[in-house]
Amino acid sequence: MFDFITESRNFYDYITLAVLLLVFFNTFEILFLLYNKARVERSERKRQNLKRLASTALITATNAAELLPKPATEDEYAAYSEAVASVLDSFEGEIADRAAALITQLGIDAHYRRLARHRTWYKRGNAVDILASFRLKANKEFFLAIFRSETSSEVKYRIIYGLSRLVRDHGDILVLARLLSSLPYLTAKYTEDIFYNVITALKAAGREEEFGLFMRDTMHDESVLKMVKRDCLAACSAAVCEKGRATLLGYYAAFPGEPEILIASLRALAGIGDFSQLPAALKHPDWRVRLAALKFSHLCCTDMLPEVRAMLHDPNYHVRLNAALAFARSGDAGRAVLRAEESSDDRFAAAAAAYALSQEAL
Amino acid sequence: MSFLLWFALQFSQFTVFLYFLAINTVYTVLIVLAMRDIIRHAYLTTSRVARRQLAGEFYYKPVSVIVPAYNEAAVIAQSVKALTNLHYPEFEIIVINDGSTDDTLARLKEDFSLVSSKKPVRLQVPHEAIRAIFKSADYPNLIVIDKENGGKADAINAGINVSSYPIFCSIDADSILEPDAILKSSKLFLEDDELIATGGIIRILNGCRIQDGSVVEIGLPGSFIEAMQVLEYTRAFLSGRTGWNALKSLLIISGAFGVFRKDMVVAVNGYRKTIGEDMDLVMRLHRHCKDNAIPYKILFVPDPVCWTQAPFSMKMLLKQRNRWHRGMIDALLSNRGMILNRKYGATSLVGISYFVFVEFLGPLIELFGYVSIPILYFLGMLNTQFMVMLILMAVFWGISINVAAVFLDTYNFRRYKKTSDILRLCLLSAAEFFGYRQIMLLERLRATLSFRETAWGTQDRQVFKQ
Amino acid sequence: MAKILIIDDDETIHLICRAYFTKAGHTVETAFDGPEGLEKAAAFNPDILLLDINMPKMSGFDVAKQLKETEKTKHIPIFMMTSLKQASNIQRGYGLGIEEYITKPANVEHLKLRIEKFLEKKK
């Protein structure tokens with residue numbers, strides 16, 4: 001059966017052809033590899049130089065566009081956008097204005113707007129990323145427009161990220177939240193970043209209270225995912241939203257059965273120095289809420305000690321250990337409690353107490 | 001000439017030819033998938049975007065870094081010191097001294113001011129008895145466990161029991177983790193609740209310049225053996241893992257660097273006391289999740305990187321490969337319910353089948369191919385022209401796959417600066433087929449044949465670093 | 001007039017700060033990462049140090065800690081200049097003994113004035 005194939009003349013011709021093709025392909029591959037390496041290194045050097053040139057021009061001239069060569073290749077556009085993005089990320093004031101002007105004058109903005117409608121999704125995504133880094137208010141309408149016609153979720157997430165930096169008021173946040181809810185929940189980090197950008201943009205415009213209004217309005221909005229609400233709270237924490245105390249307390253009260261939201265609220269409240277909810281939280285049925293409350297208890301007040309002592313006998317390992325450690329950090333009174341617990345009938349509590357005492361001796 | 005013999009020889013030639021076609025097609029498919037993946041990844045992960053992702057570390061999950069150590073006195077202090085510099089907001093380092101016979105523990109006590117700790121330990125997974133637990137006075141997040149010898153799997157289990165955090169990363173004692181490797185791999189767990197295990201890229205440290213516990217310059221090592229391993233790892237990680245990832249068949253998360261969700265590992269009762277503990281764990285995780293209809297993901301991501309020492313003598317290398325092969329056979333045997341089982345989907349039909357038919361049976365078939373050449377020649381049945389052509393085709397096809405893997409490496413932001421290094425890699429791509437591959441083949445066959453005889457228990461003490 | 005050292009992995013920051021500060025008559029040195037920064041701090045002995053946090057090899061916090069622990073450099077006042085605005089980071093920075101925590105985007109002119117005012121007060 002096999003011989004039949006191998007005996008035929010054509011078979012050898014095919015095999016020989018295959019071998020020759022492979023040899024040729026290998027040579028080509030190796031040469032291409034070397035060429036590619038050289039090309040990549042050269043383009044990196046050129047990029048660095050162009051970036052340097054652009055930055056220097058921005059410093060020395062008011063109309064930098066006149067000094068700089070117009071970008072032609074993709075690499076050159078990328079170099080300019082990186083330089084401008086660096087400037088915009090780190091500086092504000094005159095130089096930032098010059099950088100923003102440079103983008104429009106050299107047609108970089110227009111170039112990426114065009115690229116944002118490219119066939120390939122990751123090229124569109126890349127273009128949107130770069131446009132987002134410019135933070136040009138003029139792009140807000142553009143982003144909203146391409147969101148409507150965009151098919152790929154990956155790109156849509158990036159468009160929302162771009163929009164989050166251009167938020168001006170209450171209405172804008174609502175639009176953003178609706179767009180966000182129309183997509184599957186991406187990740188906690190992403191959502192938190194979005195709202196962090198929103199809060200930062202509002203703070204910069206002196207309108208921090210708009211976010212508080214937004215949060216109050218969405219508290220009972222069923223169409224906004226609970227995870228999104230949790231991430232808003234986390235963003236509040238990170239951005240230190242001082243004016244949001246009442247709203248944060250409201251959130252804590254409104255979601256008794258949602259551990260993640262409770263923890264996020266507790267954290268945000270602790271960040272602004274409000275520990276009023278801790279006593280109740282220490283008794284919450286979910287161990288993660290108890291643990292979170294425990295971690296802030298030593299910052300709060302000493303009259304919670306009896307409750308914390310009960311937590312030494314908590315069924316959950318982490319809660320027990322952290323309760324013991326909290327005592328160890330509470331001075332002599334705390335350590336006295338631990339020494340008493342060392343001889344307790346509950347061997348888990350005893351072990352935790354012994355451990356905490358040995359820790360503090362370090 | 002009896003018909004049976006003739007038929008057998010014909011059939012065997014056919015099988016060898018088929019095997020050769022299959023294996024090279026598999027590698028080619030993997031590389032093509034990998035290429036697509038890596039290029040896209042490179043496009044979307046420019047350094048600016050990467051920086052944005054690293055900023056704002058507010059929401060994270062704490063990680064336990066577990067380091068099993070057996071007779072590592074020479075490198076342990078340096079490795080642990082490097083680990084304390086990891087860029088991560090909250091993590092603990094747990095070093096397990098697995099009954100070392102040298103002064104590993106003494107070195108640790110001295111360099112890190114260890115004091116006794118009474119931390120209560122939850123016995124969630126089985127392991128040999130713990131003799132003592134220590135904490136470092138200088139580094140509050142460093143814990144050292146001293147226990148009875150039990151092997152690497154056993155040691156990691158002890159680490160799991162002592163750890164407090166929901167995610168753990170297991171690494172080897174002589175590996176160097178890049179400072180942001182934990183950040184990059186744990187980030188994935190935050191983003192996806194279904195993710196239960198990930199692995200990053202392992203690269204070879206030999207030939208690279210290290211400063212202050214991190215790699216500053218990448219170079220190809222001088223010796224043939226070490227450089228060949230660089231090529232193998234490049235092919236395995238850049239094309240292999242990424243490709244398998246795309247096919248949802250990732251079966252090995254290297255023991256040298258893996259990040260896992262602790263609750264899932266505890267659910268499958270931790271690591272099993274065996275040689276190929278890494279592959280075995282991943283297979284059991286696949287099985288557990290499929291059996292219980294738990295939606296899950298096991299991913300490989302080319303971002304986080306771990307550098308490891310490769311053996312530099314042939315003897316050490318062969319021992320390592322022997323161990324790997326026996327580990328694979330052991331993992332396949334004890335999970336044989338997963339072989340060609342529709343219930344486990346692509347993981348079984350593609351991934352495990354690959355291991356059974358290509359990695360396990362492959363060496364046998366290949367040896368058979370080599371051996372049959374002189375036999376057929378002496379029987380006057382050898383089709384010389386065909387054989388030569390076949391060999392040439394195999395070699396050149398293999399070379400093109402190797403070179404493609406080297407090419408993929410350039411997209412990874414960690415490139416060889418010297419062109420001579422790249423040229424050497426290309427040369428080695430060819431050299432692999434004239435000796436190196438055959439030596440590895442023989443060792444794997446030796447491992448297969450001696451599998452039943454070797455009491456892996458006594459092998460254990462040499463199981464770590466050779 | 002004053003010696004300023006900038007440690008940041010972004011070259012654009014080096015260029016722009018250098019230009020603004022040298023125009024005002026100060027001497028500027030720059031470093032790309034932690035290890036290089038520590039070396040230059042010891043050698044150059046600046047009057048003030050601008051430190052970024054997000055850097056590849058060593059984070060700004062580690063650099064600050066090392067600076068404060070080394071005899072030669074612990075007297076150098078540090079201004080942290082970073083895009084991280086979280087309260088935890090600010091606390092951590094001040095806990096390490098830095099003088100000022102400046103968030104990006106920052107106004108270069110104001111930054112220059114703040115530095116000059118700070119140095120005036122120190123005298």
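This briefing walks through a contact between two chains, one helix of chain A, and the fold of chain C. Keep in mind that this is a predicted model, and that its overall scores are ipTM 0.83 and pTM 0.82. Chain A and chain B meet through 40 residues of chain A and 38 residues of chain B. Chain C, for its part, mixes five helices with six strands.

**Where chain B touches chain A**

- On the chain B side, the elements that put in two or more residues are α1 (3-44), α2 (47-54), α6 (181-191), α12 (384-409) and α13 (419-449) of chain B.
- If you want one element to look at, try α12(B), which supplies the largest share of that side with 13 residues.
- As for chemistry, the chain B side splits into 23 nonpolar, nine polar and six charged residues.

**Helix α7 of chain A**

- Helix α7 of chain A covers residues 139-149, and its buried residues are A:N139, A:F143 and A:I146.
- Looking down the axis of α7(A), you'd find those buried residues within an arc of 75 degrees, so they line one face of the helix.
- The spacing fits a general rule: an α-helix has 3.6 residues a turn, so residues three or four places apart point the same way.
- What do the buried residues of α7(A) pack against? Their partners are α6 (121-134) and α8 (153-164) of chain A.
- Turn to the face of α7(A) that points away from the buried side and you get the exposed residues A:E141, A:A145, A:R148 and A:S149.

**How chain C is put together**

- Reading chain C from the N terminus, the order of elements is β-α-β-α-β-α-β-α-β-β-α.
- The C-alpha trace of chain C spans about 35 × 30 × 30 Å along its principal axes.
- Chain C has a radius of gyration of 13 Å, which agrees with the value near 14 Å that a compact globule of 123 residues would have.
- Of the 123 residues in chain C, 38% are buried.
- Among chain C contacts with a separation of 6 or more, 57% link residues 24 or more positions apart.

**How confident the prediction is in chain C**

- Mean pLDDT for chain C comes to 86, with 97% of its residues at 70 or more.
- Where in chain C is confidence lowest, and where is it highest? The low end is helix α4 (residues 87-95) of chain C, with a mean of 79, while strand β1 (residues 3-7) of chain C sits at the top with 93.

Conventions:
Residues are numbered from 1 along each chain as its sequence is written. Chains are lettered from A and ligands numbered from 1 in the order in which they are written. This is a predicted model: local features need pLDDT of at least 70, side-chain atom pairs count only at pLDDT 80 or more; totals for chains, interfaces and linings use all residues. Two residues are in contact if their C-beta atoms, placed from the backbone, lie within 7 Å. Helices (H or I, at least four residues) and strands (E, at least two) are DSSP runs, numbered from the N terminus. Ala, Val, Leu, Ile, Met, Phe, Trp, Tyr, Cys and Pro count as nonpolar, Asp, Glu, Lys and Arg as charged, and the others, Gly among them, as polar. The radius of gyration is taken over C-alpha atoms; the globule rule is 2.2 Å times the number of residues to the power 0.38. A residue is buried if 20 or more other C-beta atoms lie within 10 Å of its own, exposed if 12 or fewer, and partly exposed in between; C-beta atoms are placed from the backbone. The arc is that of the directions from the helix axis to the C-beta atoms. pLDDT is the predictor's confidence in each residue, from 0 to 100.
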